[in-house]
Amino acid sequence: MTWQERYIERFYDRTRGWRDGGEIWFELLSSYIPRGASILEIGAGPSNDTSRFLASLGPLHGLDPDTDVRSNDALASASVLQGERFPFEDASFDACVSNYVVEHLADPLTHMREVRRVLRPGGHYVFRCPNRLHYVALGSSMTPHWVHVRLSNRLRNLHEAHDPYPTHYRMNTRSAVRRLCGTSGLSIVRLDMVEGEPWYGRSSRVLFLLFTAYERLVSSTPLLAGLRANIFAVLRRPGDGTASRTGVSVPV
């Protein structure tokens, strides 16, 4: 067993009630996407666990600017995004999903308007993304992309992962999500702030312990929720004749 595995087992023991971000993510998806729903995964990419989970809920269609999406084995259909408009008719899907995608958007308002357009009335958009106010995203936003390429996978102790994509962080705070919802016509069902295991500390025991201390601190009180690593969001296209509202529930 590696030291990383030992530390995860010691500090993030599931038998003592710890729930990792992936588990919370899948529970969120299953809570808001009914069985048999027609689903669009935006930024689906190649085969991955989220796509396979979504495909277990209903027919899954993938959209991505990278042609690697065509190799995703969970998709009923794969489309390559060219330009800003999604290649689908209005009200085509019961749900849309993005998994660590919105931080890469140069124009999040157009993205949100397209999501609303392709959603059926009452449909949900579920996504998770980094929180720009967390130390990882702050460091990323203050450094050039070549630094991300050199350090990202090394800090996570990943040797075969793809290089990180360029980031913009224009939709990566709770206030930014609220503002974009108000402009695009989507309503907020919930915005959860989640701090998971310190994956960016897996290259060093010292970093791991420092980041674990940070996780314990920001998870200890809702007053520090805004400094947690991830935003888990559920948005909704209002039903016909229903006004859009942006009330927010932030469970702790």
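The questions and answers below go through aromatic pairs, one helix, two loop residues and the nonpolar cores of this predicted model.

User: What kind of model is this, and from which number are residues counted along each chain?
Analyst: This is a predicted model, in which local features need pLDDT of at least 70 and side-chain atom pairs count only at pLDDT 80 or more, while totals for chains, interfaces and linings use all residues. Side-chain values use heavy atoms, with hydrogens and water left out, and residues along each chain, as its sequence is written, are numbered from 1.

User: How many aromatic pairs does the structure hold?
Analyst: Rings of Phe, Tyr and Trp (its six-membered ring) pair if their centres lie within 6.5 Å, and planes under 30 degrees apart count as stacked, over 60 as edge-to-face and the rest as tilted. By this rule, the number of aromatic pairs in the structure is 13.

User: Which parts of the chain does the pair of F11 and F208 tie together, and how far apart in sequence are they?
Analyst: F11 and F208 form a tilted aromatic pair, with 6.4 Å from centre to centre and 45° between the planes. Helices are DSSP runs (H or I, at least four residues) and strands are runs of E (at least two), numbered from the N terminus. Because F11 lies in helix α1 (residues 3-11) and F208 in helix α8 (residues 205-218), the pair ties together parts whose distance in sequence is 197 residues.

User: Is F208 buried or exposed?
Analyst: Buried means under 20% relative accessible area, exposed means over 50%, and partly exposed lies in between (1.4 Å probe, protein chains only). Its partner F11, at 22%, counts as partly exposed. F208 has a relative accessible area of 0%, so F208 is buried.

User: How are the rings of F26 and F53 arranged?
Analyst: This pair links distant parts of the chain, with F26 in helix α2 (residues 21-32) and F53 in helix α3 (residues 49-55), 27 residues apart. The centres are 4.6 Å apart and the planes differ by 20°, and the arrangement is stacked.

User: Which residue has its charged end over the ring of Y12?
Analyst: Y12 belongs to one aromatic cluster together with W3, Y7, F11, W18 and F208. A charge sits over a ring if NZ of Lys or CZ of Arg is within 6 Å of the ring centre and within 35 degrees of the ring normal. Over the ring of Y12, 5.0 Å from its centre, sits the charged end of R216.

User: Against which element do the buried residues of α1 pack?
Analyst: The buried residues of α1 are W3, Q4, Y7 and I8. They cover an arc (taken from the directions from the helix axis to the C-beta atoms) of only 135°, which puts them on the same side of α1. On the other side, E9 and R10 are exposed, whereas the buried residues pack against α8.

User: Is Y169 buried or exposed?
Analyst: Y169 lies in the loop between α6 (145-155) and α7 (174-184), and has a positive phi of about 60° although it is not a glycine. Because its relative accessibility is 8%, Y169 counts as buried.

User: Which strand gives the largest share of the largest nonpolar core?
Analyst: A nonpolar core is a set of buried Ala, Val, Leu, Ile, Met, Phe, Trp, Tyr and Cys residues joined through side-chain atoms within 4.5 Å. The largest has 28 residues, of which L40, Y125, F127 and L235 touch the most other members. The largest share, 4 residues, comes from β5.

Methods: Contact means heavy atoms within 4.5 Å.
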